[in-house]
Amino acid sequence: MTASPHLLPVTALRDALLANREQALTRLYRRAFPAVRRYVRGHGGTAEDAQDVFQDALVILYEQATGGSLVLTASASTYLVSICRNRWQHELRRRARLPQDALPDDPEQLDAETPDASEEAGPAVLDYVERLGAKCKSILLAFYYFQQPLTQIAADHDYRSVRSATVQKFKCLERLRNSVRRAFHAETIDS
């Protein structure tokens with residue numbers, strides 16, 4: 001008889017995830033997702049929002065379990081639900097800070113709506129982002145413009161860990177800062 005992952009101690013959960021990740025995660029999904037979906041939908045979200053939050057929580061649980069940093073004082077499914085509640089509350093606070101008008105998905109639409117007064121002030125930051133290359137542009141826009149969590153960025157860009165994505169984001173941001181500083185310094189000297 002095999003115990004389901006939501007009732008296993010941390011070492012057994014870790015072993016189950018390492019032995020058959022898909023099966024263990026599927027069991028956790030079946031056990032915890034309905035509660036997460038009810039919670040998110042009951043607090044102003046959609047079923048898609050619930051899926052996003054739950055996937056983030058699964059990544060967190062998986063990384064902690066396989067990395068040896070997971071400490072459970074309740075079942076794994078209860079832990080997942082609590083992560084999801086916290087992440088959803090964080091998302092609601094983030095959404096409350098954003099303007100009510102939705103930003104367009106296509107950056108070209110944003111350019112069309114922006115007045116051309118910036119041409120006198122020099123290139124916009126987006127111009128500098130364009131110069132960084134596709135990977136840096138994608139990471140920085142995902143994090144700062146689309147407000148995606150680093151777990152999602154790591155998965156989308158095939159990084160082995162969130163730490164790797166964080167380091168790459170930092171490197172890209174430093175390249176952007178240096179590029180803007182050089183341009184500002186050159187502009188100051190020319191004036």
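**Exercise 1.** Is Arg 87 buried, partly exposed or exposed, and what is its relative accessible area?

*Solution.* The model is predicted, with local features needing pLDDT of at least 70, side-chain atom pairs counting only at pLDDT 80 or more, and totals for chains, interfaces and linings using all residues. Residues are numbered from 1 along each chain as its sequence is written, and side-chain values use heavy atoms, with hydrogens and water left out. Buried means under 20% relative accessible area, exposed over 50%, and partly exposed in between (1.4 Å probe, protein chains only). Arg 87, with a relative accessible area of 27%, is partly exposed.

**Exercise 2.** Find the salt-bridge partner of Arg 87 and place both residues in the chain.

*Solution.* A salt bridge requires a side-chain nitrogen of Lys or Arg within 4 Å of a carboxyl oxygen of Asp or Glu. Arg 87 meets Asp 56 in such a contact, at 3.4 Å from N to O. This pair joins distant parts of the chain, 31 residues apart, since Arg 87 belongs to helix 4 (residues 76-97) and Asp 56 to helix 3 (residues 47-67); helices are DSSP runs (H or I, at least four residues), numbered from the N terminus. Asp 56 is buried, at 12% relative accessibility.

**Exercise 3.** Describe the salt bridge between Arg 95 and Glu 91 and its setting.

*Solution.* The closest N and O atoms of Arg 95 and Glu 91 are 2.8 Å apart. Both residues lie in helix 4, four residues apart, and are therefore separated by about one helical turn. Arg 95 is partly exposed at 34%, whereas Glu 91 is buried at 16%. A network of salt bridges links Asp 49, Glu 91, Arg 94 and Arg 95.

Definitions and conventions:
Helices (H or I, at least four residues) and strands (E, at least two) are DSSP runs, numbered from the N terminus.
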